[in-house]
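This report introduces a structure to a reader who has not met it before. Please view the sequence and the model together while reading.

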Amino acid sequence: MDEKPIDKHIILDELNELKDLDHDYSDGRILGSMCTKAHPFAKEVYYKFLDANLGDPGLFKGTKIIENKVIESIGELLSIEKPYGNIVTGGTEANLMAMRAARNHARKYKGIVDGEIIVPQSAHFSFKKAADMLNLKIVEAKLDNYKIDVESIKQLISDKTVAIVAIAGTTELGLIDPIEEISKIAHENNIYFHVDAAFGGFSIPFLRDMGYDLPVFDFSLEGVCSITIDPHKMGLAPIPAGGIIFRKEEYLDVMAIDSPYLTVKTQSTIVGTRSGAASAATYAIMKYFGKEGYSNLIKELMVN
Ligand SMILES: *Cc1c(COP(=O)(O)O)cnc(C)c1O
C-alpha cells in the first residue's frame, strides 16, 4: 500500500490501462462464455444498491423484500408457488448450498454421517469443490449419449446417498438430463434431488413456451428439492448473481447457524455480508424484460 494518497486520475489511468488487457463482450473476441454483458438498466440499479448488505437484513428491510420478490419471480418461472432461497454469488455457491442442505437434512433425519452424492460425469466442477468442503464422497453416474444414464443412478443408490444431482443445460453441450425419470426414482427412494440449471434456467422455460420440444426440469416434478439458476448466465444480470431455489423452508432451516451480532437470529447462507445489489439488479432486469422480452431475445439467439 502507498504511504500517501494518490490523485484519482492517476489511479484511473492505471486501471484503464489494465482494463484494456481484458476482452470485451462487444469486441467479437469472446467466442465461448457462459456470461454476457449485463444490461445497462441492470447496471444502473446495481450501482444504486451497492451499499445494501443482505447479510444483515434487519438493517436493509427493503432490499430483503426485493430478494424475496426475485426468489418468487424465479420460482414462478420454475413452477413453484412458494419458493425459498437466495440470490448468491453464482452457480458454484448455489450448488454448494444445495449439497449442504442435502447433507444436513440427511444427517438430521436419516442419521447419515459419511454421505455420498450421485453426480453425472458431465457435472460442473463446482460439485467437486462442494464435496471437498462438505466431506461428501462423489459417486459418478455414467452417461448415455452425453446425458446421465438412469440405470447407472439406480445402481449407485446406497444407504449413504444424501443427494442425486442432474443437469438442465450442461455447461459444455447444453443437454438436459432425464430429470422426470430421476425425480421419480429420488422420490420413491426418499432421496434429495438437486437440478443444476445454472446455465439453462434462464433459457429452457422460455424455449418451452415458444414450442421447443424440451423436457420438464422444474418443481412441477415432485422429486425436485432444489434448483440452481443463474441470473448472471443467461439472465443479463451483473456478476455476481446466482440463484438457489428450495422447495421447502426446512432445507434452509437445516443450514441455519446462530448469528449473534446481527439483526436476525440465524443465517443459512454460506456468505455473511452479501450483495443486495445483485438482487435489486436481477429484480429490475426480470421486470424490464418480462417473459416476452426474454423470449424475444432467445428467439434471436436460436435463429442467428
Ligand atoms: C456455470 C455453471 C456453474 C457454476 O456457476 P458459477 O456462476 O461460475 O459459479 C454450475 N453449473 C453449471 C451447469 C454451470 O454451467
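## Composition of the ligand shell

In this predicted model, the residues of the shell around the ligand comprise 8 polar, 3 nonpolar and 3 charged ones. The ligand is surrounded by 14 residues, and the closest of these are Gly91, Thr92, Asp196, His232 and Lys233.

Two helices, helix 4 (91-110) and helix 9 (231-234), each contribute at least two residues to this shell. Helix 4 provides the most, with 3 residues.

## Polar contacts with the ligand

Three of the closest residues place N or O atoms at short listed distances from the ligand. For Gly91, a backbone N or O atom lies 2.9 Å from an oxygen atom of the ligand. The side chain of His232 has an N or O atom 2.9 Å from an oxygen atom of the ligand. In the case of Asp196, a side-chain N or O atom is 2.6 Å from a nitrogen atom of the ligand. The protein buries 87% of the 380 Å² that the ligand exposes when taken alone.

## A nonpolar patch on the surface

Apart from the ligand shell, the surface carries a nonpolar patch formed by Ile6, Ile10, Ile11, Leu12 and Leu15. Together these residues have about 440 Å² of accessible area.

Leu12, one of the patch residues, belongs to helix 1 (residues 8-19). Leu12 counts as partly exposed because its relative accessibility is 46%, and the partly exposed class lies between the limits of 20% and 50%.

Terms used. Residues numbered from 1 in each chain as written. Predicted model: local features only at pLDDT ≥ 70, side-chain atom pairs only at ≥ 80, totals over all residues. Heavy atoms only, no water. Patch = residues over 30% accessible without salt bridge, like charges linked within 9 Å, V, L, I, M, F, W, Y side chains within 5 Å. Areas by Shrake-Rupley, 256 points an atom, 1.4 Å probe, with all protein chains shown as cover. Salt bridge = Lys/Arg side-chain N within 4 Å of Asp/Glu carboxyl O. Helix = DSSP H or I, 4+ residues; strand = E, 2+ residues; numbered from the N terminus. Buried < 20%, exposed > 50% of the residue type's maximum accessible area, 1.4 Å probe, protein only. Near = heavy atom within 4 Å. Polar contact = N/O pair within 3.5 Å; in protein donor to acceptor, adjacent residues only side chain to side chain. Nonpolar A, V, L, I, M, F, W, Y, C, P; charged D, E, K, R; others polar.
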